[in-house]
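Dear colleague,

I am handing over the structure we spoke about, and below it you will find an account of what turned up when its side chains were examined. Please keep the structure open while you read.

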Amino acid sequence: MSFDVAIVGGGMVGATLGVALAPLNLRVAIIEAIPHNAAAQPSFDERTTALSNGSRRILETLGVWPALSALATPIRKIHVSEQGRFGFARIDAAEQGLSAMGYVVANRDLGNALWSRLSKSAGLEVYCPAEVSQVTAHDQSVTVEMAQKGAKSTIDAKLIVAADGAQSAVRGAFGVDAEVRDYEQTAIITTVLPQRFHDNVAYERFTQSGPLALLPLDGGRCTLVLTQPKDAAQSVMAWSDQEFLAELQRRFGFRLGRFLKAGRRVPYPLFLTRATRTSSGRCVIIGNAAQGLHPVAGMGFNLGLRDVASLAELIAERVGQQDADPGSLQLLAQYDAWRTADRGSVIAFTDGLIKLFSNPLRSVRRLRSLGLLAFDLLPPAKAALSRLSTGGSGRVPKLARGVPLT
């Protein structure tokens, strides 16, 4: 079978691209190894995602947000601090003229909403469960061979999209390397219940053991992302709930009173993965296949959604043109140029935060405290960070501005 676009990877980024391309009267294929509602699906697990306002607009414009809005918890304020230091910074949505700084959604809810839209999309062919076994590039198309339910099948596409994660096989098939840096840290993710209501405040706290984040959820609960040195993570996983909550209390303090309960803990090793290119031949690389970030500041998925919105817009601009080719060198060059600044600034910001707050020098720690205080007192700095988190400093995709592609 022949397609205009073949998306390898039906996780959060790949599925969103499928939804974005569905109204464009294109032949689109999605190839995914694990069904979205399976317990083994790594994208739609028990984790939560903090969506920026730009990401919410993308999902809203695509018709996905109505299924999520009642399940999403708004973030009204963000509080950033460092353990044992006097500096802190606060960002208030009301001061920025916003109803919320962002929204926290469960990954499983997001998966259900996306795949519900995909199931209703004409012109979209889903191969799942299916695993890609070989990718062969030609001048005018790409051939994808896959194994599905014990049988082999082959499709051709003018453009193949690598949305298959940080260890992307498609990226490798096109000869694109990735720089990988091990942060030597493990994020331990769980849900906790504090004594006091969170008041829809998201907390980012930097400690000597690594950063921790608390994101507000319904019922007064919070998602906890507790970063530990890699060699200590196994011991932390073995702690009793009482020991775990006591360590959290020591590192976070009593802003939310005592922590009363903790859910199941799941560890995730942390790496920075950065593809050396975002396209090659007739392949575009998006989401974690292009860049896998540290979870500090929660920018990874939001950056991936802007990959989706940018690529979908460039493809939409060519629909209906004579000899329209979504895999043309011109389109891929435009995509690379568009994504360079946003991608580079977000990677540098998140990686820089980790380096800055892991520096043990006393002079650096003192400057960090002064920097947080200065940030707290400077509205332009807060506005600049808000623009960075939404990709608003460069060309903003139509979907992120609430403008449909058709």
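W65 is a convenient place to begin: in this predicted model its relative accessible area is 8%, so it counts as buried, the cut-off being under 20%. Its partner is Y103, and the two rings form an edge-to-face aromatic pair, with 5.4 Å from centre to centre and 70° between the planes. Because W65 belongs to the loop between α2 and β4 (73–75) while Y103 belongs to strand β7 (residues 102–106), this pair ties together parts that are 38 residues apart in sequence. Y103 is likewise buried, since its relative accessible area is 13%.

Just before that loop, helix α2 (residues 53–61) has N53, G54, S55, R56, I58 and L59 as its buried residues, and the helix is followed by G63, which has a positive phi, near 80°.

Aromatic pairs

How many aromatic pairs does a search of the whole structure find? The search finds four. Besides the pair already described, F3 and Y127 meet edge-to-face, at 6.3 Å centre to centre and with 85° between their planes. As F3 lies in strand β1 (residues 2–8) and Y127 in strand β8 (residues 124–127), the pair ties together parts that are 124 residues apart in sequence, and both of these residues are buried. Elsewhere, ring pairs link Y203, F252 and F259 into a cluster.

Charges over rings

One member of that cluster, F252, also has the charged end of R255 over its ring, 5.8 Å from the ring centre. A comparable arrangement involves R265, whose charged end sits over the ring of F244 at 4.5 Å from the centre.

Nonpolar cores

In soluble globular proteins, nonpolar side chains tend to be buried together. Here the largest nonpolar core has 52 residues, and those with the most contacts inside it are I7, L17, L21, L59, I286, L311 and I315. Which helix gives the most to this core? Helix α7 (residues 300–318) does, with nine residues. If you would like one residue to follow through the core, take L311, which, leaving aside its neighbours within four places in sequence, is in contact with L17, V161, V284, I286, L331 and Y335. Apart from this core lies another, of 23 residues, among them A6, Y127, M146 and A157; Y127 is thus met again here, having appeared above as the ring partner of F3.

With best wishes

Methods: Residues are numbered from 1 along each chain as its sequence is written. Side-chain values use heavy atoms; hydrogens and water are left out. A nonpolar core is a set of buried Ala, Val, Leu, Ile, Met, Phe, Trp, Tyr and Cys residues joined through side-chain atoms within 4.5 Å. Buried means under 20% relative accessible area, exposed over 50%, partly exposed in between (1.4 Å probe, protein chains only). Helices (H or I, at least four residues) and strands (E, at least two) are DSSP runs, numbered from the N terminus. Contact means heavy atoms within 4.5 Å. Rings of Phe, Tyr and Trp (its six-membered ring) pair if their centres lie within 6.5 Å; planes under 30 degrees apart count as stacked, over 60 as edge-to-face and the rest as tilted. A charge sits over a ring if NZ of Lys or CZ of Arg is within 6 Å of the ring centre and within 35 degrees of the ring normal.
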